[in-house]
Amino acid sequence: MKSSLTILAIAVSGAAFSQNISQKLDAAVQKLMNSPAAVSSSLSFYVTDENGDKIYDFNANKGLSTASTQKIFTAAAALETLGKNYTYKTYAGFSGTVSSGNLVGDFIVTSNGDPTLGSWRYEAFSPDNFKNKLVDAIKKSGIKKISGNLIIDDSYFDHQTIPGGWPWDDLGNYYGAGVWGINWRENQFDINIKGTEFKSFSYKLENVKWLNDLEAEGNSDQSLIFTAPNSDVALINGKLPSGKVTTVSGAVPNPPMQLGAEIKSWLQESGIEFAGKVISNSQLELNGETAIKLAETNRIFTYESPALGKIIFYFLRKSINFYGETLLKTMAKEKTGNPSFKSGVAFMKDFWKSKGINPAMINFADGSGLSPQNYVSAKAEVQSLLYSQKQIWFKDFFEGFPTQDNGMKMKSGTMRDTKSYAGFHTSKDGKKYVFSIILNNYTDNGGAELQKILNQLK
C-alpha cells in the first residue's frame, strides 16, 4: 500500500504538471488574442484530461459559430439513437398487375432517404451497382413493358430540403446540397470548365438551364454555383483560371427527378418498354393529384445502404454537410415521427441536455454546422467528446476524425470568419487530452494559429 506521503507527492506532481501545461496554453492564447488580426475576435477554448478534469479554460462557456466541428454532436447522437448497424433502404415495385410481361400500372421507387444511394465513396454501392441490381430485379420479375408511369416516391421526409438560415451563396454548391426522401449521387454533380466554357458534366443533368456570368481570371477557383431546390434554372458566377480545366461541383436541384430520368434511360437500354411519364410524388401533389405509394406485397427489389458506422466515417472524415442534415432528419423521423429540421434540432438539443450539457451552450440551427446561426461553446463540445469516448460505438466515431497538418487527430471546422478544432490527443509523455477550440472573426490564417496553440499539448 502506498504511504500517504507517496500519494501526496503524486498529487503535487500532477498538479504541477497541470499548472505547467495550463501556463503554456495561456501564453499561446494571449499571444494570439493580443495580435492585430484578433482585434475583434472571439475565442472559446477548453481542455480536460481523459477523465474530464479541467486543464485549461478560456471563455469555455462562450457560444460561437463552430462550422463543421458541430458534426461531432450529430455523429454521436446518430450512433447512439440509430445504432452503428442501422441501414437505409430503397425499394422498387409496382402497382397494378403484370400479365404476359406487361405491367398494367405504375413502376414505383421509394426510399427512407438513403444519403449513400449512388455514392462513389463505397465499394459495391456505385451508381452502376444500383442500376444493374435494379434492372436485374425487373427482368427477374418478368416485367418487359411498363404501361403506366415511373413514380419516384420522395415523400419519406417533409418538403423542406434546406435548413433555415443557410446562406444563399452556399445552396447551389456541393457543400450546400439539400435532403430529399430520395437522394441520388449525394445530390452532387461536377462540371469541367475551361475559363468560362463548360467542357463536360460528370453525368447528364436533367431539366436544368444555365446562366453563365463567369470571368476567366486569376489562378484559383473563385466561382459559385446557385441552384434552388426544385428549380430548373442554375447560375454560375465568379472567376476561374483561363488556361486550365477546373472542376466545379454543384448541388442537384431535384435529385428524385434526376434519378427518375436515369432509371428511364436504364429501362430503354435494357429493352424494357416504357412510354409513360417520370414523376415524383411531390409533383403529383403540386398537380393536385394523389400520391402513389408502394405496397409491401408488390416490392420486387430491396437495396440496403452501408452500415451507419461506415457512413459516420465519411461524414466526419470528408465533412459532408448533406450527410449531417440527412442524419438530423432521420433521427427526427425515427424518434419523433416528425422529419422537419426544427424537430431534428429540438431532438438533438434534448439528447445532449440529457447527457448533462447545459442547453444554453448548444444553440443548434442544423446538423452540419454550415449555418452561421449555430452557436456552441468549446466546453459543450468537450463534454460531448467525453461522453462519446465511453460508449460502445466510440471506435466507429473516432476513426472518422482526420489527422490535421500538425499531426493531431481532430475534427476541423472552416467557414468564413470561423475556424475550429475538436478532438483527442495523447502527448509524447502519455498524457491524454480532450479539447475544443473555436475562433470567430479572425482576419488572418486562423487555422495555423489555432494549431500552434494546440501544439502545446504534444
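Which residues line the largest cavity? The legends below take that view first and then move on to other parts of this predicted model.

**View 1. The largest cavity and its lining.** Here is the answer to the opening question: the walls come from Ile162, Leu171, Gly176, Gly178, Trp180, Thr227, Ala228, Pro229, Ala251, Val252 and Pro253. The space inside has a volume of about 40 Å³. With a threshold of 30 Å³ or more, the count of cavities comes to one. Sorted by class, the lining holds eight nonpolar and three polar residues, with no charged residues.

**View 2. The largest pocket, with Asp170 and Tyr175 among the residues nearest its centre.** If you are browsing for open space, this pocket has a volume of about 760 Å³. Its lining is made of 25 residues, and those nearest the centre are Asp170, Tyr175, Leu370, Thr414 and Met415. Helix H4 (168-171), helix H8 (321-336) and strand S20 (410-415) each contribute at least two residues to the lining. Strand S20 gives the most, with five residues. By class, the lining of the largest pocket splits into nine nonpolar, eight polar and eight charged residues.

**View 3. The second largest pocket, with Asn230 and Gln283 among the residues nearest its centre.** This pocket offers about 400 Å³ of space. It is lined by 24 residues, and Asn230, Pro253, Asn254, Met257 and Gln283 lie nearest the centre. Helix H5 (255-269) and helix H6 (281-286) are the elements that give two or more residues to this lining. Of the elements involved, H6 gives the most, with four residues. The lining of the second largest pocket has 11 polar, eight nonpolar and five charged residues. You may recognise Pro253 from View 1, where it helps to line the largest cavity.

**View 4. Helix H2 crossing helix H9.** The axes of H2 (residues 71-82) and H9 (residues 341-354) come within 11 Å and cross at roughly 80°. That angle makes H2 roughly perpendicular to H9. On the H2 side, the contact is made by Phe73, Thr74, Ala76, Ala77, Glu80 and Thr81. Facing them from H9 are Phe347, Met348, Phe351 and Trp352. Taken by class, the residues of this contact are seven nonpolar, two polar and one charged.

**View 5. A salt bridge between Asp396 and Lys84.** Side chains of opposite charge can pair when their charged atoms come close. In this view, the side chains of Asp396 and Lys84 meet with an N to O distance of 3.7 Å. Asp396 sits in helix H11 (residues 394-399), while Lys84 belongs to the loop between H2 and strand S3 (89-94), so the pair ties together parts that are 312 residues apart in sequence. Across the model, the count of salt bridges comes to 14.

**View 6. Gln222 and its surroundings in strand S12.** Gln222 is found in S12, which covers residues 222-227. Leaving aside neighbours within four places in sequence, Gln222 is in contact with Asn237, Gly238, Lys239 and Leu240. For a sense of scale, the C-alpha atoms of Gln222 and Gly148 are separated by 46 Å, and these two residues are 74 residues apart along the chain.

Note on methods: Residues numbered from 1 in each chain as written. Predicted model: local features only at pLDDT ≥ 70, side-chain atom pairs only at ≥ 80, totals over all residues. Heavy atoms only, no water. Axes fitted to C-alpha atoms, helices over the stretch in contact; angles between N-to-C directions. Parallel < 35°, antiparallel > 145°, perpendicular 65-115°, else oblique. Contact = heavy atoms within 4.5 Å. Nonpolar A, V, L, I, M, F, W, Y, C, P; charged D, E, K, R; others polar. 1 Å grid on protein atoms, 1.4 Å probe; cavity = no way out; pocket = protein on both sides within 12 Å on 5 of 7 lines; lining within 4 Å. Points joined across faces, edges and corners; volume = space filled by probe spheres on them. Salt bridge = Lys/Arg side-chain N within 4 Å of Asp/Glu carboxyl O.
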